[in-house]
Amino acid sequence: MAALNEDLVFKALYETFPDPVIIIDAERIIRSANNAALRQFGYPSAEFIDRSVRLIYATDAEYAKRLQNRAARVDETAPRTSNYLYIRRDGSTFSGHLRTTPLINDQGEELALIGIIRDVSDLTEAVSERQKASEMLNAALEAMPEGFAIFDREERLVVYNRAYQAICGPAGPALKPGITAEEILLLARQGGHYPDALPGTREGNEWIASRLRDFRYPDGKPKIHRYADDRWLRVENIKAKDGNTVVARVDVTDLKRAELALERQRQELEHKNEALDQFTATVSHDLKAPLRHISMFSEMIEDDLKAGNQTELAENARHLRDSVRRMNRVVDSLLDYAQIAHRITDWTQVRLSDVVSETLTILAGDANDANATFEVGPLPELEGDPELLRRLVQNLVGNAIKYRHADRPPVIRIHGSVLHQTVELVVEDNGIGIDPRFATRIFEVFQRLHKDETVYGGTGIGLSLAKRIAESHGGSICLDTSFREGARFIVLLPRWLRKAK
Ligand code: ADP
């Protein structure tokens with residue numbers, strides 16, 4: 001084969017090279033351009049050669065950028081820094097990636113600069129489309145009220161939105177890509193963000209462990225737990241196919257509160273229905289007893305009148321009157337009980353010491369007759385209805401006087417204390433006491449352990465009333481069955497009323 005003429009080879013290569021090649025001299029005048037360059041820029045050779053290279057730059061600013069890069073000797077082979085906006089003869093523009101190679105003579109002088117310009121419009125467009133899409137996605141994420149984040153397979157945070165940051169509470173400011181899910185959980189816990197995981201508690205450690213388990217091995221079921229200041233969070237973790245974990249956090253406080261309120265109402269209703277059933281049964285029974293007596297004694301009076309028997313007439317008439325009186329009392333106490341139900345309107349700050357001294361004044365006559373002594377200890381304050389609380393105390397103290405022991409004068413102790421947010425009020429006596437078997441029954445309407453009216457008068461309403469009052473304050477009452485020297489009642493009441501949120 002004949003020796004190759006290198007000039008010819010280079011010329012062929014130059015002319016058929018697919019990308020535009022332009023050679024400029026030190027004055028930045030175009031000295032040569034290949035066919036691809038003429039095609040790309042749309043000039044005939046005569047209008048292109050010997051022109052300043054400024055010709056192919058779309059704007060002055062773009063040309064200035066090129067000159068600056070040149071002066072700074074920016075590496076034009078790097079893909080990003082050397083993209084310029086070029087202009088064709090017809091005014092249309094395109095993004096071109098410029099690669100330059102200097103042509104240097106033996107003395108090291110730069111004779112010319114060879115530039116290869118590749119049209120990268122498609123690529124630039126694709127990149128800008130991607131950027132737009134990612135900006136849209138970011139904007140959407142930020143606008144979402146739900147907390148959203150993605151963790152990689154090493155449990156490191158990759159992406160998160162502002163709502164997620166807010167939901168992380170004290171851990172929020174520390175969020176940055178790379179922080180692990182466990183670190184976030186522990187930081188939030190340290191900041192007291194989880195009421196079920198207070199720092200330094202064993203239950204708290206278990207709670208955190210269970211949250212981490214949920215994160216690592218999600219079972220597809222969202223969990224709801226307490227967080228922040230008495231709020232509720234719905235937590236959903238999804239393991240993606242690529243091993244990443246997508247997490248969604250939604251504040252469901254309103255929903256949860258509504259659900260809790262509904263459940264409370266349902267229980268209350270159930271409770272009320274049961275109470276009503278029991279109430280009507282005992283009421284009808286207790287109303288019937290004096291009625292039976294009335295009918296019995298009126299028949300006896302009728303018989304006496306028919307027989308002209310004067311001796312028992314007065315006695316039977318007295319029984320009749322007693323039965324009517326009893327009936328009256330029962331009806332009155334029933335009315336009382338019915339009216340008190342959920343009557344609380346007057347919530348104020350109440351000093352239990354005032355309530356007790358008022359009660360003792362009212363019961364002073366009975367106490368005197370019974371030769372009773374009182375030992376009143378410290379008594380706290382609480383929020384409640386003073387009139388209802390007075391009636392509660394009056395029923396307990398009245399019973400303590402009434403159910404006294406025949407062998408000893410009554411000594412009645414009344415004292416209170418505060419534990420956490422609960423007020424405890426204790427009324428105890430040295431009377432006949434109550435068999436622990438009846439610890440529940442005594443609080444039911446008309447339930448009396450001492451039926452003999454002549455010894456202990458009463459209608460069996462007092463303790464049910466006391467219970468109702470305690471419960472309407474969000475509290476409770478019980479008999480202390482461990483106390484054997486008499487009867488001891490313990491009333492627990494919330495110190496501050498929890499206003500419905
Ligand atoms: P009442 O006193 O009108 O019978 P209560 O509802 O106040 O009704 O009390 C129910 C029952 O509980 C009483 O009949 C009594 O047998 C018992 N009881 C209540 N308080 C005492 C007490 N301090 N000591 C002994 N028994 C009591």
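Sorted by class, the residues that line the largest cavity comprise 13 nonpolar, two polar and four charged. This is a predicted model, and the tour below moves from its enclosed spaces to the ligand.

## The enclosed spaces

How many cavities of 30 Å³ or more are there? The count comes to three. The largest cavity has a volume of about 270 Å³. Its lining is made up of 19 residues, and Tyr 164, Ala 181, Leu 185, Tyr 194 and Arg 249 are the closest to its centre. Helix H6 (162-167), helix H7 (181-190), helix H8 (202-216) and strand S9 (231-239) are the elements that give two or more residues to this lining. The largest share, five residues, comes from H7.

The second largest cavity has a volume of about 60 Å³. Its lining includes Asp 214, Pro 218, Asp 219, Gly 220, Lys 221, Pro 222 and Lys 223, together with Val 235, Glu 236 and Asn 237. Strand S9 gives the most here, with three residues. By class, the lining of the second largest cavity has three nonpolar, two polar and five charged residues.

## The pocket that holds the ligand

Now for the open side of the picture. Which space does the ligand take? That space is the second largest pocket, and about 750 Å³ of space lies in it. The second largest pocket is lined by 35 residues, with Asn 395, Asn 399, Lys 402, Tyr 403 and Gly 462 nearest its centre. Helix H10 (313-340), helix H12 (364-370), H13 and H14 each supply at least two residues of this lining. H13 makes the largest contribution, with ten residues. The lining of the second largest pocket divides into 14 nonpolar, twelve polar and nine charged residues.

## Around the ligand itself

The shell around the ligand holds 21 residues, and those that come nearest are Tyr 403, Arg 448, His 450, Gly 460 and Leu 463. By class, the shell has ten nonpolar, eight polar and three charged residues. Its largest share, three residues, comes from H13.

Which protein atoms lie across from oxygen atoms of the ligand? The table gives three such pairs, two from side chains and one from the backbone.

| Residue | Protein atom | Distance to a ligand oxygen atom |
|---|---|---|
| Asn 399 | polar side-chain atom | 2.8 Å |
| Tyr 403 | side-chain N or O atom | 2.7 Å |
| Gly 460 | backbone N or O atom | 2.8 Å |

The protein covers 98% of the 530 Å² of accessible area that the ligand has on its own. Two elements give two or more residues to the shell around the ligand: helix H13 (386-402) and helix H14 (462-472).

## Putting it together

A few names recur as you look around the model. Tyr 403 is one of the residues nearest the centre of the second largest pocket, it is among those that come nearest to the ligand, and its side chain has an N or O atom 2.7 Å from a ligand oxygen atom. Asn 399 is also listed nearest the pocket centre, and a polar atom of its side chain lies 2.8 Å from a ligand oxygen atom. Gly 460 comes nearest to the ligand along with Tyr 403 and others, and Gly 460 offers a backbone N or O atom at 2.8 Å. Among the helices, H13 provides the largest share of the pocket lining and also the largest share of the ligand shell.

Notes:
Residues numbered from 1 in each chain as written. Predicted model: local features only at pLDDT ≥ 70, side-chain atom pairs only at ≥ 80, totals over all residues. Heavy atoms only, no water. Near = heavy atom within 4 Å. Polar contact = N/O pair within 3.5 Å; in protein donor to acceptor, adjacent residues only side chain to side chain. Areas by Shrake-Rupley, 256 points an atom, 1.4 Å probe, with all protein chains shown as cover. 1 Å grid on protein atoms, 1.4 Å probe; cavity = no way out; pocket = protein on both sides within 12 Å on 5 of 7 lines; lining within 4 Å. Sits in = over half its atoms within 2 Å of the grid points. Helix = DSSP H or I, 4+ residues; strand = E, 2+ residues; numbered from the N terminus. Nonpolar A, V, L, I, M, F, W, Y, C, P; charged D, E, K, R; others polar. Points joined across faces, edges and corners; volume = space filled by probe spheres on them.
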